[in-house]
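Let's take a walk through this one together. Have the model open, and turn it as you read.

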Amino acid sequence: QLQCVESGGALVQPGGSLRLSCLASGVTLINYYSAWFRQAPGKLREGVSRISGLVGSTYCADSVKGQFTIGRNNDKNTVFLQMNNLEPDDTALYYCAASPFTADVLDPALYQTWGQGTQVTVSA
């Protein structure tokens, strides 16, 4: 059974930081593209960042470049998203996803395995 489980979402004040984690089962992330997406109420699901399988090359959307960092712990089969300098506009349900195929672009249609999301709320 393929499954991704996110954790780390919380209520945080503007300017704060969070580190989201995604634990994958049924897939070995080094063999997959892994990505973080987010969806705010009334908005489309937005690609945030992704990391490739073997090489581990990373890409971040322009909206979070310099603010968020994606990484992977191969021993624990987890992928994380370090989020710094959070703003209210970062409030969203954050999803972890994995794809066995090449997924160089942050397109949700390219990802087959999804978690249920973890809520990030940035508010004073």
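**Starting in the middle**

W36 has C96 as its bridge partner in β9. Before going further, a word on ground rules: this is a predicted model, where local features need pLDDT of at least 70, side-chain atom pairs count only at pLDDT 80 or more, and totals for chains, interfaces and linings use all residues. Residues are numbered from 1 along each chain as its sequence is written, and side-chain values use heavy atoms, with hydrogens and water left out.

That W36–C96 bridge belongs to a longer run: β4 and β9 are antiparallel and joined by seven bridges. Two strands are said to pair here if DSSP finds at least two bridges between them. Strands themselves are DSSP runs of E with at least two residues, helices are runs of H or I with at least four, and both are numbered from the N terminus. β4 covers residues 33-39, and β9 covers 92-99.

β4 has another partner too. Strand β5 (residues 46-51) runs antiparallel to β4, with five bridges between them, and one place to see this is A35, which stands opposite R50. The two strands make a hairpin with six residues in between, and in its turn G42 has a positive phi of about 80°.

How well covered is β4? Six of its seven residues are buried, so "mostly covered" is a fair label. Buried means under 20% relative accessible area, exposed means over 50%, and partly exposed is in between (1.4 Å probe, protein chains only). S34 is a good example from this strand: it counts as buried because its relative accessibility is 0%. Look at what surrounds it. Leaving aside neighbours within four places in sequence, S34 is in contact (heavy atoms within 4.5 Å) with L29, S49, R50, I51, I70, V79, A97, A98 and Y111.

**Over to β7 and β8**

One of those contacts of S34, I70, takes us to the next pair. I70 stands opposite L81 in β8, and strand β7 (residues 68-73) pairs with strand β8 (residues 78-83) in the antiparallel sense over six bridges.

The hairpin of β7 and β8 has four residues between its strands, and two residues of that loop make a nice contrast. K76 is in the loop and counts as exposed, because its relative accessibility is 58%. N77 is in the loop as well, but its relative accessible area is 16%, so N77 is buried. As for the backbone, N77 has a phi near 55°, a positive value in a residue other than glycine. Why remark on it? Most residues other than glycine have a negative phi. While you're looking at K76, find L29: the two are 47 residues apart along the chain, yet their C-alpha atoms are separated by 9.7 Å.

Move on past β8 and you'll meet another asparagine of this kind. N85, in the loop between β8 and β9, has a positive phi near 50°. Its relative accessibility is 48%, so N85 counts as partly exposed.

**Back to the beginning of the chain**

Now go to strand β1 (residues 3-7), where V5 has its place. V5 is partly exposed, because its relative accessible area is 41%. Not counting residues up to four places away in sequence, V5 touches S21, C22 and L23. S49, which we met as a contact of S34, is 44 residues from V5 in sequence and 17 Å away in space, C-alpha to C-alpha.

**Stepping back**

With the details in hand, zoom out. The protein has eleven strands and zero helices. Its C-alpha atoms fill a box of roughly 40 × 25 × 25 Å along the principal axes. The radius of gyration, taken over C-alpha atoms, is 13 Å, which agrees with the value near 14 Å for a compact globule of 124 residues; the globule rule is 2.2 Å times the number of residues to the power 0.38.

Of the 124 residues, 46% count as buried. Among contacts between residues at least 6 apart in sequence, 58% join residues at least 24 apart. The accessible surface comes to about 6,400 Å², with 50% of it belonging to carbon and sulfur atoms; these areas come from the Shrake-Rupley method with a 1.4 Å probe, and for residues only the protein chains shown count as cover.
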